[in-house]
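Here's a quick briefing to read alongside the model. Have the structure open while you go through the points.

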Amino acid sequence: MMDAIERFVREDLIPREQEVEDTDRVPDEIIEAMKAQGFFGLSIAPEYGGSGLSAEQQARFQMAISLSSPAFRYVYSSNLGIGSRAISLDGTPEQKAEFLPRLASGELIGAFALTEPSAGSDAGSLKTRADRDGDHYVLNGTKRFITNAPRADVFTVMARTDQSKPGASGVSAFIVDRNTPGLTVGKPEKKMGHRGSQIADVIFENVRVPAERLIGGEEGRGFRTAMKTLDHGRINIAAMGVGMAQRLLDEAVAYAGERQQFGKAIIDFQLIQGMLADSETEIQAARAMTLAAARQLDLTRTAVKEAAAAKYFASEMLCRVADRVVQVFGGAGYVADYPIERMYRDARLLRLYEGTSQILQIVIARAIGSERGIRVA
């Protein structure tokens with residue numbers, strides 16, 4: 001399988017990166033090819049039409065795909081993780097039967113609506129309401145920076161069902177169809193990088209959602225459901241960072257072997273060699289951490305510390321590698337004639353989403369304190 005994926009990346013995706021950058025969209029034929037190859041169902045169980053890959057297998061897949069522009073990964077990635085995982089983990093049998101096969105085939109595109117204008121890292125402070133009204137819930141609120149929102153057919157929405165309970169305990173998760181009256185998707189944001197992957201606000205104004213769309217059929221479980229998706233998501237972001245860094249290094253080595261200064265290739269200069277060596281070493285470390293975290297998740301179904309550490313290290317590593325590679329390219333790395341300028345911009349996001357580096361430091365510190373019987377505030 002990996003040979004086919006690597007060939008697809010090399011022959012179909014990388015040659016169209018500039019087109020995606022210029023048009024801010026992934027071509028329809030690429031999306032259809034991904035559907036045909038089963039990309040949308042890699043993490044979904046075979047009984048629902050997916051491949052049921054392990055976390056480690058998914059991480060290796062994400063590393064390979066991420067040798068190309070991140071926009072291609074976003075086409076299907078929400079169906080693998082946050083767009084389907086809440087249903088896979090905590091959905092009722094009826095919810096799984098209704099939605100997972102269509103998410104696995106790519107018939108439906110999923111999105112995860114948690115972040116709000118005033119609730120990002122502090123997700124427990126979300127304000128979107130879900131008030132019970134007979135056999136429906138009525139949702140009101142705004143979600144911010146929702147990946148794939150302009151394309152999504154169905155949203156997993158976190159909303160507060162118990163206004164008397166502060167923090168996470170009053171939050172529930174819902175499956176909401178895009179075409180539900182009162183649901184509006186805002187204008188796609190203009191971003192520093194990751195063009196071709198669109199994010200937008202999602203606004204809920206008296207959106208009536210049938211009670212059977214409450215994930216798991218029980219109020220108050222939504223935040224726990226969301227947190228259970230994060231180990232998986234953080235491992236995949238770490239894998240993405242490894243793939244992006246490997247592509248950057250590959251480009252740097254090729255350029256340094258060709259670029260001549262002072263009568264020889266710049267790869268012969270020891271200071272250039274030092275930047276390449278540091279990058280290779282850090283990529284190897286991030287790859288090992290990411291695969292170890294994935295194996296931990298496969299074995300125990302939880303990897304809070306390991307996933308956070310892998311994502312933290314891999315995302316910071318990626319930005320260091322990107323900076324070195326621009327330095328290797330010199331002025332050429334700062335202009336758009338080479339892909340390095342785009343890759344440098346794309347790298348920066350990974351330190352922000354699915355847990356900023358600073359939040360991950362807190363997660364890691366609390367985990368190591370807990371292992372030693374110490375409560376870390």
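**Helix packing around α8**

Helix α5 (residues 70–80) packs against helix α8 (residues 222–258) at an angle of about 165°, and their axes are 12 Å apart. Since angles over 145 degrees count as roughly antiparallel, that makes α5 roughly antiparallel to α8. Keep in mind that this is a predicted model.

*α5 against α8*

- The crossing of α5 over α8 is right-handed.
- On the α5 side, the contact is made by P70, R73, Y74 and L80; on the α8 side, H232, N236, I237, M240 and M244 do the job.
- Sort the residues of this α5 and α8 contact by class and you get six nonpolar, two polar and one charged.

*α4 against α8*

- Helix α4 (55–65) also meets α8: the two axes come within 7 Å and cross at roughly 35°.
- Here, too, the crossing is a right-handed one, with α4 passing α8.
- From α4, the residues in the contact are Q58, A59, Q62 and M63, and α8 brings H232, I235, N236, A239, V242 and G243.
- The class split for α4 with α8 is five nonpolar, five polar and no charged residues.

*H232, a residue to click on*

- H232 sits in helix α8, and it takes part in the contact with α5 as well as the contact with α4.
- Is H232 buried or exposed? With a relative accessibility of 4%, H232 counts as buried.
- Setting aside neighbours within four places in sequence, H232 touches S43, Q58, L80, G81, R85 and L297.
- Of those partners, Q58 is one of the α4 residues in the α4 and α8 contact, while L80 is one of the α5 residues in the α5 and α8 contact.

**Aromatic pairs**

- How many aromatic pairs does the structure hold? There are ten aromatic pairs.
- One of them joins F8 and F39 edge-to-face, at 5.7 Å centre to centre and with 90° between the planes.
- F8 belongs to helix α1 (residues 2–13), and F39 to the loop between α3 (28–36) and α4 (55–65), so this pair ties together parts that are 31 residues apart in sequence.
- Both partners are tucked away from the surface: F8 is buried at a relative accessible area of 6%, and F39 is buried at 1% relative accessibility.
- Another edge-to-face pair is F262 with F269, at 6.2 Å centre to centre and 75° between the planes.
- This time the partners aren't buried: F262 counts as exposed at 77% relative accessibility, and F269 as partly exposed at 23%.
- Ring pairs also link F8, F39, F61 and Y76 into a cluster.

**Positive phi at two asparagines**

- N148 has phi near 70°, which is a positive value in a residue other than glycine.
- You'll find N148 in the loop between β3 (136–147) and β4 (154–160), and at 3% relative accessibility N148 counts as buried.
- N206 isn't a glycine either, yet its phi is positive, at about 55°.
- Where is N206 found? N206 is in strand β7 (residues 199–210).
- At 53% relative accessibility, N206 counts as exposed, whereas N148 counts as buried.

Definitions and conventions:
Residues are numbered from 1 along each chain as its sequence is written. This is a predicted model: local features need pLDDT of at least 70, side-chain atom pairs count only at pLDDT 80 or more; totals for chains, interfaces and linings use all residues. Side-chain values use heavy atoms; hydrogens and water are left out. Axes are lines fitted to C-alpha atoms, for helices over the stretch in contact, and angles run from 0 to 180 degrees between N-to-C directions. Helices (H or I, at least four residues) and strands (E, at least two) are DSSP runs, numbered from the N terminus. Angles under 35 degrees count as roughly parallel, over 145 as roughly antiparallel, 65 to 115 as roughly perpendicular and the rest as oblique. A crossing is left-handed if the near helix is turned anticlockwise from the far one by less than a right angle, and right-handed if clockwise. Contact means heavy atoms within 4.5 Å. Ala, Val, Leu, Ile, Met, Phe, Trp, Tyr, Cys and Pro count as nonpolar, Asp, Glu, Lys and Arg as charged, and the others, Gly among them, as polar. Rings of Phe, Tyr and Trp (its six-membered ring) pair if their centres lie within 6.5 Å; planes under 30 degrees apart count as stacked, over 60 as edge-to-face and the rest as tilted. Buried means under 20% relative accessible area, exposed over 50%, partly exposed in between (1.4 Å probe, protein chains only).
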